[in-house]
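Grab a pencil and take a look at the structure below. Then work through the exercises one step at a time.

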Amino acid sequence: MNPKFAELPYRPCAGIMLANTEGKVFVGQRIDKAPEGDAWQMPQGGIDEGEDAEKAALRELVEETGITPELVDVIARSRNEHFYDLPDELLGKIWKGKYRGQRQWWFLMRFKGKDSDINIETDHPEFSRWQWVGPERLPQLIVPFKKRLYEILVTEFGDLI
């Protein structure tokens, strides 16, 4: 990491591993595709000042997928907060250059709705398309700098999916 960014804080964030009743997990293709090509990810977003991580996760789920809280059950929260650093080429360029990466609480949620309840054409769209995938595929779909995080999440939540 570039030493000039080493003192920056991590952005507080909440992430959602949304599983359907068939044991598949929701991923969306980011509109702002990464330099590496296709960039798929699970819903996630910042935790606002004074906001609880679970409430932030539910808010982000609505903002990114149109899925409202009554259509999900919260199954589990990650045992620990997870951290990742941005790669050097993104440092200082996203989040107005205020953060070196993210610190994230993750939630496993069970989707109780129908696919027609999902609407990624939100007020501020983040995904261009979405799909359900087997959890084992998640680390291969994510940008390389988040791959280890997704491997950890699949291991942690795997038996509950």
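**Exercise 1.** Why does Arg 79 count as exposed or buried, going by its relative accessible area?

*Solution.* Keep in mind that this is a predicted model. Start with the location: Arg 79 sits in the loop between β5 and β6. Next, look up the relative accessible area of Arg 79, which is 62%. The cut-off for exposed is over 50%. Arg 79 is therefore exposed, because its relative accessible area is 62%.

**Exercise 2.** Find out what Arg 79 touches once residues up to four places away in sequence are left out.

*Solution.* Skip those neighbours, and you're left with Trp 105 and Glu 156. Now take Glu 156: it lies 77 residues from Arg 79 along the chain, yet their C-alpha atoms are 8.3 Å apart.

**Exercise 3.** Work out which parts of the chain build the largest nonpolar core.

*Solution.* Begin with the members: there are 26, and those touching the most others are Met 17, Met 42, Leu 138, Tyr 150, Leu 153 and Phe 157. Then go to the elements: β1, β2, β7, α2 and α3 each give at least two residues to this core. The largest share, 5 residues, belongs to α3. Zoom in on Leu 153: beyond its neighbours within four places in sequence, it contacts Met 17, Met 42, His 82, Trp 106 and Gly 158. There's also a second, separate core of 20 residues, with Phe 107 and Leu 61 among them.

**Exercise 4.** Check how confident the predictor is.

*Solution.* The average pLDDT over the chain is 92, and 96% of the residues reach at least 70. Among the elements, β5 has the highest mean (98) and β6 the lowest (92).

Definitions and conventions:
Residues are numbered from 1 along each chain as its sequence is written. This is a predicted model: local features need pLDDT of at least 70, side-chain atom pairs count only at pLDDT 80 or more; totals for chains, interfaces and linings use all residues. Side-chain values use heavy atoms; hydrogens and water are left out. A nonpolar core is a set of buried Ala, Val, Leu, Ile, Met, Phe, Trp, Tyr and Cys residues joined through side-chain atoms within 4.5 Å. Buried means under 20% relative accessible area, exposed over 50%, partly exposed in between (1.4 Å probe, protein chains only). Helices (H or I, at least four residues) and strands (E, at least two) are DSSP runs, numbered from the N terminus. Contact means heavy atoms within 4.5 Å. pLDDT is the predictor's confidence in each residue, from 0 to 100.
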